[in-house]
Each structure stands twice: as structure tokens, then as C-alpha cells.
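Trainee: I would like a close look at how the helices pack together in this model. Please take me through one part of it in detail.

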Amino acid sequence: MFPERLKALRKGQKLTLKQLAEGLNQNLSEGENENTPSQIGNWERGIRTPSYVEARKLAEFFDVSLDYLTGKTDRDDMDLGKLFFSNKQLTFNQTPLDNDDRYEIFQLVDGYLKGKHNRRDTDKFYGKQQEQLDLNIK
């Protein structure tokens, strides 16, 4: 499962083996070996298996969990509530969110979800329909 997921992630971002190797090599720690295109190709073909450190670097690079990358889970879900309280740097439209922003947005989403059921009942009664958000990003 790992080789297929790695190849799909790389091709999904339209990266060559060389580009992925260069991306993985950008933040090498002391004593770490550089990744090579042939090494990554061997991982994708299942000829070799990366070390835990290499697998973790891949997961971080593609912003997926190790469970997803290794095939333990079929989806890479993330709880938005947990994300707001994580240590990850969050941005919205390239604007960094500080702790106050994160908490306020969490409260807004939480309130929205709690009131969702009531809104649907009211909308059915009055025949009101909510506008759809167009997510076709170009």
C-alpha cells in the first residue's frame, strides 16, 4: 500500500522524483543523508522500504498522516477542532492566525454546527434556501 500511496501523492502534486528528492532535502538535520530520485523510485516500486525517519519526512512533506501513507487508514481525515488547538501554524488566505484568531474561529464554527439543525427546520418551514459556496478554485 505504501508504494502506491507515495506514487499517487507525488503524481497528484505533479512532482518528478528529482523534485520530490529536492523537497525532502531542504531541511536536513545534522547526520541525515540526502534523498535521491532513485531511492524514492525504489520506494515507489516496493524494492526498498524507507526508514521511519524517511517515512515521517514524506508524511510531513505531503501533509498526511503516517497511517494514511502506510495504508493503515483509507482516508486522511483531520478533526478541525483539534487542528485549531494544535501547534501547527495556521493561515487563512496567506494571513497567519494567532491564538485569539484560532479560538474565535473555533467558536464560530462550533456555534454554526450547533445551530445547523435549527436553521434547517426553520428553512424547511419558510421555504428558504441557503446560497451555495462555489469552491471551484482556479
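Mentor: Helix axes here are lines fitted to C-alpha atoms over the stretch in contact, and the angle between two of them runs from 0 to 180 degrees between N-to-C directions. Keep in mind that this is a predicted model.

Start with α2 and α3, whose axes lie 8 Å apart and pack at an angle of about 110°. Angles of 65 to 115 degrees count as roughly perpendicular, so α2 is roughly perpendicular to α3. On the α2 side the contact is made by Leu-17, Lys-18, Leu-20, Ala-21 and Leu-24, and on the α3 side by Pro-37, Ile-40, Gly-41 and Glu-44. Sorted by class, these are 6 nonpolar, 1 polar and 2 charged residues.

Ile-40 deserves a separate word. Leaving out residues up to four places away in sequence, Ile-40 touches Leu-17, Leu-20, Ala-21 and Leu-24, as well as Leu-6 and Asn-35. Ile-40 is also one of the buried residues of α3, the others being Gly-41, Trp-43 and Glu-44. Seen down the axis of α3, these buried residues fall within an arc of 155°, so they line one face of the helix. They pack against α1 and α4 as well as α2. Just after α3 comes Gly-46, with a positive phi of about 75°.

Now turn to α2 and α4. Their axes cross at roughly 100° and come within 10 Å, which makes α2 roughly perpendicular to α4. Here Leu-20, Gly-23 and Leu-24 of α2 meet Lys-57, Leu-58, Phe-61 and Phe-62 of α4. The residues of this contact divide into 5 nonpolar, 1 polar and 1 charged. Leu-20 and Leu-24 thus appear in the contact with α3 and in the contact with α4.

Helix α4 also holds Glu-54. Is this charged side chain's residue buried or exposed? Glu-54 has a relative accessible area of 12%, and buried means under 20%, so Glu-54 counts as buried. Not counting residues up to four places away in sequence, Glu-54 touches Asn-33, Asn-35 and Trp-43. Trp-43 is among the buried residues of α3, and Asn-35 is also touched by Ile-40.

Next, α1, which spans residues 2–12 and has Phe-2, Pro-3, Arg-5, Leu-6, Leu-9 and Arg-10 as its buried residues. Viewed down the axis of α1, they fall within an arc of 165°, so they line one face of the helix. The face turned away from that buried side carries the exposed residues Glu-4 and Gly-12. What covers the buried residues of α1 includes α2 (17–24), α3 (37–45), α4 (52–62) and α5 (66–70). After α1 comes Lys-14, whose phi is positive, near 55°.

These helices come together in the largest nonpolar core, which has 15 residues. The residues with the most contacts inside this core are Leu-6, Leu-20, Ile-40, Leu-58, Phe-62, Val-64 and Leu-69. Two or more residues of the core come from each of α1, α2, α3, α4 and α5. Several names from the contacts above return here: Leu-20, Leu-58 and Phe-62 take part in the meeting of α2 and α4, and Leu-20 and Ile-40 in that of α2 and α3.

How values were computed. Residues numbered from 1 in each chain as written. Predicted model: local features only at pLDDT ≥ 70, side-chain atom pairs only at ≥ 80, totals over all residues. Heavy atoms only, no water. Buried < 20%, exposed > 50% of the residue type's maximum accessible area, 1.4 Å probe, protein only. Helix = DSSP H or I, 4+ residues; strand = E, 2+ residues; numbered from the N terminus. Arc of directions from axis to C-beta. Contact = heavy atoms within 4.5 Å. Core = buried A, V, L, I, M, F, W, Y, C linked by side-chain atoms within 4.5 Å. Parallel < 35°, antiparallel > 145°, perpendicular 65-115°, else oblique. Nonpolar A, V, L, I, M, F, W, Y, C, P; charged D, E, K, R; others polar.
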